[in-house]
Amino acid sequence: MTRLFAACLLALLSTLALAAGPPLVVGSKRFTESYVLGEIVRQTLQQAGLPAEHKPGLGNTGILEQALATGAVDIYPEYTGTIVRELLRRGDAADAHASLEQINSWLAPRGLKAAVPLGFNNTYALAVRESVAQRLALKTLSDLARLPAGALKAGLSHEFQQRADGWPALRKAYGLALTPGAALDHGLAYAALEAGQVDLIDVYSTDAQIGRRAVRVLVDDRNFFPRYDAVLLMRAAVDATPLQRLAGRLDEATMIRLNAQVEIDGLSFAEVARRFLAATGGAAATASAASASALMPPVADAGRDSFAARLFAPDLGRLLLQHLALVCGSVLLAVAVGVPLGVWAWRRPRWAGGLLGVVGVLQTVPSLALLAFLIALLGVIGFVPALLALFVYALLPIVRNTHAGLAGVPAGLSLAGLALGLNTRQVLREVQLPLAAPTLLAGVKTAAVINVGTATVAAFVGAGGLGERIVAGLAVNDRELMLAGALPAALLAVAVQWAFDTWERSWARRGGG
């Protein structure tokens, strides 16, 4: 068990050391295009001689807005329509078509700026299965208005159902009777539509799947959706000069092709970005996005790596180290806090129920909600809020088992210790805690195993870990990539369970001493 603690300490120190550097932090949202653009930005900065790191899959716009405001992220790819509607909360129709100069005047008081227009418009749209469109004669969004509630089963994304420029306003603008139904992750939407599990989904106009699936994109005949021109949103202090080479280099066709290289051809985000930059690096600064697309090397023979190659990819060691650091750090913190709390509750029976109730309530808070709260409270994303969230989830089994273990110690043994001249603190240390140790250790084991699984959500806030593969696989509906993250996490949970079981057997052989 000493080796396990040594490994935990090494993982913690290594993770903190990696987090101590001053690179520019590039963020991205949890869908294919944002991953690709984030990698392109990171590699462009590094080619310019600037240290940069990419924190992918950082949830939704709200999390990235907080990350920019607090300096946890310096830059990320965004869209003008989202900036106007979601970040600036400007609902006037004229504002939806504001120039970049006007948008920057609105962003200036926030210490932000939008720069480097990339050259394409990725607007929202609604799509239905082609067979459904033909059966119901659907061509435009206005055609949906004549359908009664329940005529179509919608599978709209979480963010689209909540956005100011999403479903609520669209439903009102077109007078739709349809209901949105349960939210569906965008990465799973096309497969669900093709399988007949849903009939209506929200899509992006540059989705790689549009041209490869039997879907019909409905025309926005009332021009409800604003333009979503891709730009780089950054803190005002960031120098955008090294990124100007990307301005105007990506048209819709090029972006669809880049997305397809990930989702259909199976290339990694980093490889797609590398190929794009290699193809455009020698072009003149004024070259059009169309010519850049023509320079893109073919990938028809790229082929996906085998599952073994993806499982043991070079990032496995880094992700395992980050995951282990999160689990070990959170459990060690929970032991440091939870054991004294359990002792306190045992010594004060009147307060025990209330304390255990509070700790139990903390366990029920949804992980993403807790992470969002901690980000807002601490003003940072990444390792620290993820560590604290896991610490909260580890408290209940440790506090409860400490209390239960001490309550199970026979009173006669405690009295015997006092009769031998030990004071109350010595009895606790020499008699009660050793006898309660098996129960206490079972609580620590439970907390550790649970946190191995829960730590996968840390990827949503840029804390790394094996969840990075799961989140990336979910974004592109890549089952093998998701499994390449889930399988090591499951094996790590088994290893942690085995390590604690071994320690328990060793403890029992030594008679608890």
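Ala-137 is partly exposed, with a relative accessible area of 49%, and its place is the loop between helix 6 (130–136) and helix 7 (141–144). In this predicted model, the phi angle of Ala-137 is near 55 degrees, a positive value in a residue other than glycine. Most residues other than glycine have a negative phi. Asn-223 also departs from that pattern, with a positive phi of about 50 degrees although it is not a glycine. Asn-223 sits in the loop between strand 7 (215–217) and strand 8 (230–235), and with a relative accessible area of 63% it is exposed.

## The chain as a whole

The secondary structure of the protein comes to 22 helices and eight strands. Taken along the principal axes, its C-alpha atoms fill a box of roughly 90 × 55 × 50 Å. Of the 513 residues, 52% count as buried. Among the contacts with a separation of 6 or more, 78% are accounted for by residues 24 or more positions apart.

## Salt bridges

Side chains of opposite charge can pair when their charged atoms come close. A search of the whole structure finds 20 salt bridges, and the table lists some of them with the distance from N to O.

| Salt bridge | N to O distance |
|---|---|
| Lys-29 with Glu-78 | 2.9 Å |
| Arg-110 with Glu-65 | 3.2 Å |
| Asp-95 with Arg-90 | 3.4 Å |

In the salt bridge of Lys-29 with Glu-78, the closest N and O atoms are 2.9 Å apart. The pair links distant parts of the chain, 49 residues apart, with Lys-29 in the loop between strand 1 (24–27) and helix 2 (32–47) and Glu-78 in strand 3 (residues 75–79). Are these two residues, Lys-29 and Glu-78, buried or exposed? Lys-29 is buried, and so is Glu-78.

The side chains of Arg-110 and Glu-65 meet in a salt bridge at 3.2 Å, N to O. This pair, too, links distant parts of the chain, since Arg-110 lies in the loop between helix 5 (100–107) and strand 4 (112–115) while Glu-65 belongs to helix 3 (residues 61–70), 45 residues apart. Arg-110 counts as partly exposed, at 42% relative accessibility, and Glu-65 is partly exposed as well, with a relative accessible area of 28%.

Asp-95 forms a salt bridge with Arg-90, and here the closest N and O atoms are 3.4 Å apart. Asp-95 is buried, because its relative accessible area is 11% and the cut-off for buried is under 20%, whereas Arg-90, at 30% relative accessibility, counts as partly exposed. Elsewhere, salt bridges that share partners join Glu-271, Arg-274 and Arg-275 into one network.

The surroundings of Asp-95 can be described further. Asp-95 is placed in the loop between helix 4 (80–87) and helix 5. Leaving aside its neighbours within four places in sequence, Asp-95 is in contact with Val-84, Arg-90 and Trp-106, so that its salt-bridge partner Arg-90 appears among these contacts.

## Two helix pairs

Helix 16 (residues 349–364) and helix 18 (residues 383–407) have axes that come within 8 Å and cross at roughly 150 degrees. Because angles over 145 degrees count as roughly antiparallel, helix 16 and helix 18 are roughly antiparallel to each other. Helix 16 passes helix 18 in a left-handed crossing. On the side of helix 16, the contact is made by Ala-352, Leu-356, Val-359, Gly-360, Leu-362 and Gln-363, and on the side of helix 18 by Val-392, Tyr-393, Leu-395, Leu-396, Val-399, Arg-400 and His-403. By class, this contact of helix 16 with helix 18 has nine nonpolar, three polar and one charged residues.

Helix 2 and helix 11 (residues 252–263) pack at an angle of about 100 degrees, with their axes 10 Å apart. Angles from 65 to 115 degrees count as roughly perpendicular, and helix 2 and helix 11 are therefore roughly perpendicular to each other. Thr-32, Glu-33, Val-36, Leu-37 and Ile-40 of helix 2 make the contact with Met-255, Leu-258, Asn-259, Val-262 and Glu-263 of helix 11. The residues of the contact of helix 2 with helix 11 divide into six nonpolar, two polar and two charged.

Note on methods. Residues numbered from 1 in each chain as written. Predicted model: local features only at pLDDT ≥ 70, side-chain atom pairs only at ≥ 80, totals over all residues. Heavy atoms only, no water. Axes fitted to C-alpha atoms, helices over the stretch in contact; angles between N-to-C directions. Helix = DSSP H or I, 4+ residues; strand = E, 2+ residues; numbered from the N terminus. Parallel < 35°, antiparallel > 145°, perpendicular 65-115°, else oblique. Left-handed = near helix turned anticlockwise from the far one by under 90°. Contact = heavy atoms within 4.5 Å. Nonpolar A, V, L, I, M, F, W, Y, C, P; charged D, E, K, R; others polar. Salt bridge = Lys/Arg side-chain N within 4 Å of Asp/Glu carboxyl O. Buried < 20%, exposed > 50% of the residue type's maximum accessible area, 1.4 Å probe, protein only.
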